[in-house]
Amino acid sequence: MRSSFPLFPEQASTLAGRVDAIYFFLVAVSGFFSLLIFGAIIYFAIKYHHRAGEEHAPGLVNDNLALEIAWTVVPLALTMIMFVWGAKVYFSMSRPPNDSLEIFVVGRQWMWKFQHPDGQREINELHVPLGQPVKLVIASEDVIHSFYVPAFRVKQDAVPGRYTTVWFEATKTGRFHMFCAEYCGTQHSGMIGRIVVLEPVQYAAWLSGDTAVPGAAMAASTLARAEGSVADRGHRLFQQLGCASCHLPDRQGIGPLLNGVFGNPVRLQDGRTTVADESYIRESILQPQAKITAGFQALMPAFQGRVNEEELMQLLAYIKSLKKG
Ligand code: CUA
């Protein structure tokens, strides 16, 4: 019965059980009060219905302190439980563990494109290892999409012009449905795919292009070997686009030194300080004039329209890989 008419998707991530628990709690509380209220309506309707010949109104009740305290404190306690519990689950959902495997995702009409750190690319299918946190950095090339994996209880919008992130840790091997959950045009319903969770050993084999692994694409892996990791591709783009002629590695360039920039605070010309995160790097490539680093001039050309989302992610991966010294 369950398999032919599943009421709930499978629980296949570390978050799934926690999300379901709070959901069931909400359903139980709502169900309890719905029954209580409807029960009371029916009970009182029968008990106090108008009988022929009777003509009396009930006595006036002015206040009842105990009742008023009860109907204030009980809902307050219940909603605070929901708030604190929900916030805890939300915080763990929105903070990927530091050792997460980072995969780039680009949504576009109408497909999902994935890129692994070592360079393997996939479309509408994502291979991930079991028992390891996976962080997805999501972008969109056109309109808003939403990346949704019911079995993992994760859903995150892909918004044009910015990065969003989501993470999960799979607890079961197998294939799981993946959907676009935001109406995005005529073939929105076809913007689906699957996540293939493999044992870590199998995942390593898949990465190296072993065709014995389910869904292994020899071509993708051969391509990955030829083109190198995401950061390698970013490095090549960095040369091709001429970035390297201003962002010199020795602080002598007319652009700021990029080594060790990622994740650290940057002083800006106007005195503000910002953190060089994904969004800042992205903006500084597309619209460099928006935030000029203190001590530098606004000389960099804008790359808006000259690099696509995948190339931006490659540049980002390269800049992230530049360590201090
Ligand atoms: Cu993409 Cu709906």
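**Exercise 1. Divide the lining of the largest pocket into nonpolar, polar and charged residues, then find where the lining comes from.**

*Step 1.* The lining divides into 24 nonpolar, 12 polar and 5 charged residues. Here nonpolar covers Ala, Val, Leu, Ile, Met, Phe, Trp, Tyr, Cys and Pro, charged covers Asp, Glu, Lys and Arg, and the others, Gly among them, are polar. The model is predicted, so local features need pLDDT of at least 70 and side-chain atom pairs 80 or more, while totals for chains, interfaces and linings use all residues. Residues are numbered from 1 along each chain as its sequence is written, and side-chain values use heavy atoms, without hydrogens or water.

*Step 2.* Now go to the middle: of the 41 lining residues, His247, Gly255, Pro256, Leu258 and Thr293 lie nearest the centre of the largest pocket. (On a 1 Å grid over the protein atoms alone, a pocket is an open set of points where a 1.4 Å probe fits, with protein on both sides within 12 Å along at least five of seven lines; lining residues have an atom within 4 Å of a point.) Its volume is about 1,000 Å³, taken as the space filled by probe spheres set on the grid points, which are joined across faces, edges and corners.

*Step 3.* Trace the lining back to elements. Strand 11 (265–267), helix 6 (278–286) and helix 7 (309–321) each put in at least two residues, and helix 6 gives the largest share, with 4 residues. (Helices, H or I of at least four residues, and strands, E of at least two, are DSSP runs numbered from the N terminus.)

**Exercise 2. Work out which helix supplies the largest share of the lining of the second largest pocket.**

*Step 1.* Start with the centre of the second largest pocket: 17 residues line this pocket, and Gly161, Arg282, Leu286, Gln304 and Glu309 are the closest to that point. The volume is about 240 Å³.

*Step 2.* Helix 6 and helix 7 each supply at least two lining residues here. Helix 6 takes the largest share, with 5 residues.

*Step 3.* Sort the lining by class, and you get 5 nonpolar, 7 polar and 5 charged residues.

**Exercise 3. Describe how helix 5 and helix 7 cross, and list the residues that meet.**

*Step 1.* The axes of helix 5 (residues 230–240) and helix 7 come within 7 Å and cross at roughly 100°. (Axes are lines fitted to C-alpha atoms, for helices over the stretch in contact; angles run from 0 to 180 degrees between N-to-C directions.)

*Step 2.* Helix 5 and helix 7 are therefore roughly perpendicular, a label for angles of 65 to 115 degrees.

*Step 3.* From helix 5, Val230, Ala231, Arg233, Gly234, His235, Leu237 and Phe238 meet Glu311, Met313, Gln314, Leu315, Ala317, Tyr318 and Ser321 of helix 7. By class, this contact between helix 5 and helix 7 has 8 nonpolar, 4 polar and 2 charged residues. (Contact is heavy atoms within 4.5 Å.)

**Exercise 4. Give the strand order of the sheet that holds strand 4, and name its edges.**

*Step 1.* Walk across the sheet: 5 strands, open, in the order 4-10-9-6-7, with mixed pairing. (Two strands pair if DSSP finds at least two bridges between them.)

*Step 2.* Strand 4 (125–129) and strand 7 (154–158) are the edges; each has a single partner strand, so one side of each lacks a neighbour in the sheet. Between neighbouring strands the turn averages 25°, direction ignored.

*Step 3.* Zoom in on one pair. Strand 6 (residues 145–149) runs antiparallel to strand 9 (residues 174–180) over 2 bridges, and Phe147 has Cys180 of strand 9 as its bridge partner.

*Step 4.* Add the helix on top of the picture: helix 3 (residues 200–207) lies across strand 4 and strand 10 (193–198), at about 130° to strand 4.

**Exercise 5. Do the same for the sheet with order 3-2-1-5-8, then look for unusual backbone in its loops.**

*Step 1.* This open sheet also has mixed pairing among its 5 strands. Strand 3 (121–123) and strand 8 (164–169) stand at the edges with a single partner strand each, so one side of each has no neighbour in the sheet. The twist averages 25° from one strand to the next.

*Step 2.* Strand 1 (residues 101–108) and strand 2 (residues 111–115) pair antiparallel over 5 bridges, with Val105 opposite Phe114 of strand 2.

*Step 3.* Check the loop between strand 1 and strand 2, where Trp110 sits. The peptide bond from Gln109 to Trp110 is cis, with omega near -5°.

*Step 4.* Then try Asn124, in the loop between strand 3 and strand 4. Its phi is positive, near 55°, in a residue other than glycine. For background, most residues other than glycine have a negative phi, and most peptide bonds are trans.

Conventions:
Parallel < 35°, antiparallel > 145°, perpendicular 65-115°, else oblique.
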